[in-house]
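This report introduces a structure to a reader who has not met it before. The sequence and the model are shown first, and the description follows.

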Amino acid sequence: MIHVFRIVRQATMLGFAEMGRVYTWRTWTFGWLVRLLCQVSFYALLGSYLGDPGLTRYVLVGNVVVLACLESTIVVISLAGERAQGTLPLLAVAPAGHLPVYLGRGVQWMTTGLISSMVAWTVLPPLLGVPLPWPRAAYAIPVIVLILLSSYGYGCALAGVALRLRGVEWLVLNFAYGIVMTFGGVNVPLSFWPAPLRAVVEFLPLVHGLQAVRGILDGAPAGHVLGLVGLEALVGAGWYGIAWLSMDRLVAVGRRTGTLDYAG
Amino acid sequence: MTYLTVVWRAFQLQALLSRRSPAHLLILLIAPMQTTSLLAMTLQAHRPDAVATAVIAPGLIGLWVSSLDYAGRVVPEDQWAGRFTPMIAAPVPLTLVVAGRVTAVVLVGAMAFGESWLVAALGFGRVLTVHNPGVFAAAVLATCLASVGTAMLMSGVISLSRARDVLQNSLSYPFYILGGIVFPLTVLPAWMRPFSHLVFLSWSARLLRDSVHGTAHDWPLALATILALGTAALAGGMWLTHRLVNLARHKGTVGYA
């Protein structure tokens, strides 16, 4: 266990060092964070234009929570970057084994995802005139953390595609995040979509977690909320399993064919 | 070689580069999903009057993303790929080369208008009928021209900035809000509206929506304003590109990636 924590710690340090090449704390706060808050406000303002405060709150909650998914899935870019720079084999020969190291390559995005979704969770609802019911809103925070984790697994699984095909990482990231945002119950309830599509959407991260968050805010029974939380955890575990198999096979094939250090 | 030939050749170069870079087609992946999201919200709220907004907005977003993301990377990518030095040495102004290239990028973004129309028609059975097709076509054309001007400006600003990635990652949604591309500007606080009038997207969004509904009574003013804002951005972009070249020559950093 200590071993795993050490890898996570090192991965986080590496991730933040990498982020430091692009952002200072000022540019992150006044650039990226403001952009995310504007993204949430954009949809919430559309909600207020289209409907009543109920719709505004529905859209606002969905878009705040989806920030956790957005940031977690950026791991696709971090992992694809290793391939482009030719550093994938170095990670593969790490004494800890390639899987924990690969899976730890985007831990920093979960940290920033937590910060940005928490800032949006506390700041935007009163600003946009639809305050959340506190302290109930605080009970939703652990569920948002779970969504961060399950979305990270989803991002790692899809990074397998970006690691195998050259130059598609931004397409993969935007597709991964886009279908969750479009069909995952963020702006409209799942019941809006046809039944076959709903059946597929059940396997996406965020979907059940977001329903749990909405349930907590609406005062739903604890059993119902816990059931949804369990489903979110199950979906997340499934995506980690896919990521694990995908990366294991990538390294196995790469070792056999000597292509692991190809830059995509 | 005439100036127009230079622009055309630069356009062709960008088309060739974009064909080899799948990421340049990102907006064509995003637009259908955005249309679906916005249309779903509109229909769920039983607001058929806002369908036009949901169909037009992804096209405007497409143009903005093209201007910001790809056009902004034109000069830095040339520097990384080692193309910048021969371009500076060529006996034609770099400004014209950049103008031709950003035009190609902006045209890809403009395809998002067609995509969103198709998604609405095929996915939701909502065929958007334009009541003032002449004004609508003129508005799309003026918006594309303004986007080319803005893309030139973005290219200059981003190339000269030390925080390129930050700018590219941050200047999207704040401008979608300021531009009122999915809601009328009256939704915004009063103090924000004067800033909106400085963003061509706000004029374009209103003119496009009004032309769809057949209520574009003040279209000459709106068209003139879109073109004026685009021209101002183009002038700023050309000046910045000129400055970029002079600075690189002066400091001896032309060959730096």
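Is B:His46 buried or exposed? B:His46 is exposed, because 10 other C-beta atoms lie within 10 Å; a residue counts as buried with 20 or more other C-beta atoms within 10 Å of its own, as exposed with 12 or fewer, and as partly exposed in between, the C-beta atoms being placed from the backbone. The model is predicted: local features need pLDDT of at least 70, side-chain atom pairs count only at pLDDT 80 or more, and totals for chains, interfaces and linings use all residues. Residues are numbered from 1 along each chain as its sequence is written, while chains are lettered from A and ligands numbered from 1 in the order in which they are written.

## The contact between the chains

Chain A gives 31 residues to the contact and chain B gives 29; two residues are in contact if their C-beta atoms, placed from the backbone, lie within 7 Å. On the side of chain A that touches chain B, the elements giving two or more residues are α2 (25-50) and α10. Helices are DSSP runs of H or I with at least four residues, strands are runs of E with at least two, and both are numbered from the N terminus. The largest share of that side of chain A, 14 residues, comes from α2(A). By class, the side of chain A that touches chain B has 19 nonpolar residues, 11 polar and 1 charged. Here Ala, Val, Leu, Ile, Met, Phe, Trp, Tyr, Cys and Pro count as nonpolar, Asp, Glu, Lys and Arg as charged, and the others, Gly among them, as polar.

Two packed helices are described by the angle between their axes and the distance between the axes. Helix α10 (residues 169-183) of chain A packs with helix α2 (residues 26-44) of chain B at an angle of about 5°, and their axes are 10 Å apart. Axes are lines fitted to C-alpha atoms, for helices over the stretch in contact, and angles run from 0 to 180 degrees between N-to-C directions. The helices α10(A) and α2(B) are therefore roughly parallel to each other, a term for angles under 35 degrees; over 145 is roughly antiparallel, 65 to 115 roughly perpendicular, and the rest oblique. Among the residues that make this contact are A:Trp170, A:Phe175 and A:Ile179 of α10(A), together with B:Leu29, B:Met33 and B:Ser37 of α2(B). The contact of α10(A) with α2(B) has 9 nonpolar and 5 polar residues but no charged ones.

A:Asn187 lies in the loop between α10 and α11 of chain A. A:Asn187 is buried, with 25 other C-beta atoms within 10 Å. Leaving aside neighbours within four places in sequence, A:Asn187 is in contact with residues of both chains, including A:Tyr43, A:Val59, B:Ser37 and B:Met41. A:Asn187 and A:Thr56 are 131 residues apart in sequence, yet 9.5 Å apart in space, C-alpha to C-alpha.

## Helices of chain B

The expected span of a helix is 1.5 Å times one less than its number of residues. Two helices of chain B agree with that expectation, as the table shows.

| Helix | Number of residues | Expected span | End C-alpha distance |
|---|---|---|---|
| α1(B) | 17 residues | 24 Å | 25 Å |
| α3(B) | 20 residues | 28 Å | 29 Å |

In α1(B), the residues B:Val7, B:Ala10 and B:Gln14 are buried. They cover an arc of only 65° around the axis, so they are on the same side of α1(B); the arc is that of the directions from the helix axis to the C-beta atoms. The cover over the buried residues of α1(B) includes α6 (94-124) of chain B. Exposed residues B:Thr5, B:Leu16 and B:Arg19 are carried on the face turned away from the buried side of α1(B). As for α3(B), 19 of its 20 residues are buried, so α3(B) is largely enclosed by the rest of the structure.

## Backbone features

Most residues other than glycine have a negative phi, and most peptide bonds are trans. B:His46, in the loop between α2 and α3 (51-70) of chain B, has a positive phi near 55°. A:Leu206 also is not a glycine and has a positive phi, about 80°. A:Leu206 lies in the loop between α11 (195-201) and α12 (207-217) of chain A and counts as buried, with 32 C-beta neighbours inside 10 Å. A cis peptide bond, with omega about 5°, joins A:Trp134 and A:Pro135.
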